[in-house]
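Here's a quick tour of a protein model for you. Have a look at the structure first, then work through the bullets by topic.

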Amino acid sequence: MEYKKNDIVVIDIEDMGTDGEGIGKIDGFPLFVKDALIGDRIEARVTKLKKNYGYARLEKVLAPSSFRVRPECRFHRQCGGCQLQALAYDKQLEFKRRKVKNNLVRIGGFPEALVESLMEPVLGMEDGFHYRNKAQFPIGVDREGRPVAGFYAGRTHSIIANTDCALGVGENRDVLEVILAYMRKNHVSAYEETTGRGLLRHVLIRKGFASNELMVCLVINGKDLPAKEELISALSCIPGMTSVSYSINREKTNVIMGKEIVLLWGSRTIQDKIGDIRFSISPLSFYQVNPVQTKKLYELAVEFADLQGTETVWDLYCGIGTISLFMARKAKQVYGVEVIPQAIEDARANAALNQIENVTFFTGRAEEVLPEKYAGEGIRADVIVVDPPRKGCDEACLATMLQMKPEKIVYVSCDSATLARDLKILCDGGYALSRVRCVDMFPQTVHVECVVGMQRKHI
Ligand code: SAH
């Protein structure tokens, strides 16, 4: 290898990796370049060389790709959040489809022709900005020691001040400016990760797109906040403000929220509506961040389940019962399972709020509750829906699903690598893929949601 670190090279970017980085070759040797796009000719500085590949930093775009667009956010290269903001939206969708397809073929072992024939077009968004109903801004200080809110610079924990993320709602800025002014006036310190000192760590903001209700939760490294009344009176003046709380997190950890929530003003939850189902959401509950696409996602899951009204349906990893309630309208009985107790509280309240009576929610791990209810109480399943976190389903959960022999399985996934791994186990256990469709829940990023329908094989 004749190249070395810090060499300046000219590369034609021919491909893109799973994290959105551009890939090009010098003398047949592949280099990965963050922020370079397929079709670009670039000048790059070699930063790291391994045996069979290397990394380089984009220095200059010599001839831009025809897929390059002007990024909306001026911080998009510094921030780790929007890996694809400079790529035309239809190409972003193509990238995501290919990523899922490759994982199904390489990890899942499914024949490429089968995957190609099953994959329906990705459901994209009309406007791929300002779609997020939730933001968690870290709080820190600038060089002069003044409090700032912003985002972590890619792969680091240093904060770049920006209260106006292009994916978030306009209200984020109003809320953060109020909190920063309150911090300055009352000398409230920002949390420092290195020392574990300082009070304010993060600010969680959620907005109900259908209700226009706003929730703010301050995550603090202490028991209480000074000058609370002043903070409350300023925050409660923001139009839509419905819930102000704080969460205590005194651990040295990357986990943002603490386990305890203390309500300061208003109600514990905010409400939102997806389709015609209303939801009540508390600060610790999982709720999909893109409500416009969530409606499409849930409708797709219901379509793939193809319910006739006589079925017993399980919704594993049910969160606040969103998919359960969508399914309940068309099924005989739905059982939801979720590990976070507050989410199950919300799920039960949501069933009541919508006068839906044919759902029962269980608190616990899917891999423990499902075997218990099946082997112990004999509850069966016609359809099982799973929507696990990124690490996918537990093996014990998959094994019980196979024992229960539901006619259909619907797998909703935000990580196509673990999806492919789990689909292989389910298909080896007697199921066949029937439908595959991606929903773009996270425009501008490399992430993609995928819904897969499976049918039991009758041999
Ligand atoms: N279907 C819901 C939530 C999906 S997110 C929705 O669309 O809103 C995944 C959920 O799985 C989270 O609420 C998380 O708390 C929960 N979870 C994580 N591990 C779990 C486990 N082992 N058993 C049950 N639920 C789990």
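What follows covers domains, sheets, a pocket and the cysteines. This is a predicted model, so keep in mind that local features need pLDDT of at least 70, side-chain atom pairs count only at pLDDT 80 or more, and totals for chains, interfaces and linings use all residues. Residues are numbered from 1 along each chain as its sequence is written, and side-chain values use heavy atoms, with hydrogens and water left out.

**Domains**
- The protein chain is assigned domain 1 (8-63), domain 2 (134-274) and domain 3 (290-456); the bounds come from an automatic or database domain assignment.
- Taken over C-alpha atoms, the centres of domain 1 and domain 2 are 38 Å apart.

**The barrel**
- Going round in the order β1-β2-β3-β5-β4, 5 strands close into a barrel with mixed pairing.
- Two strands pair if DSSP finds at least two bridges between them, and the elements are DSSP runs numbered from the N terminus: helices (H or I) of at least four residues, strands (E) of at least two.
- From one strand of the barrel to the next, the twist averages 50°; axes are lines fitted to C-alpha atoms (for helices over the stretch in contact), with angles from 0 to 180 degrees between N-to-C directions.
- Strands β3 (residues 29-34) and β5 (residues 54-63) run parallel, joined by 4 bridges.
- Lys34 has Arg57 in β5 as its bridge partner.

**The open sheet**
- Another set of 8 strands makes an open sheet, ordered β6-β21-β22-β20-β19-β16-β17-β18, again with mixed pairing.
- β6 (119-123) and β18 (359-363) are at the edges with a single partner strand each, so one side of each has no neighbour in the sheet.
- Strand β17 (residues 333-338) runs parallel to β18, and 5 bridges join the two.
- Opposite Val337 you'll find Phe362 in β18.

**The second largest pocket**
- The second largest pocket has a volume of about 820 Å³.
- On a 1 Å grid over the protein atoms alone, a pocket is an open set of points where a 1.4 Å probe fits, with protein on both sides within 12 Å along at least five of seven lines; lining residues have an atom within 4 Å of a point.
- Its volume is the space filled by probe spheres set on the points, which are joined across faces, edges and corners.
- There are 31 lining residues, and the closest to the centre are Asp19, Glu21, Lys34, Gln83 and Arg155.
- β5 gives the largest share of the lining, 4 residues.
- Domain 1 and domain 3 each supply at least three lining residues.

**Cysteines**
- The structure holds 0 disulfides (a disulfide is a pair of cysteine sulfur atoms within 2.5 Å).
- Cys79 has its closest cysteine sulfur in Cys82, but the 6.2 Å between the sulfurs is too far for a bond.
- Cys427 is in no disulfide either, with the nearest cysteine sulfur, that of Cys450, 13 Å away.
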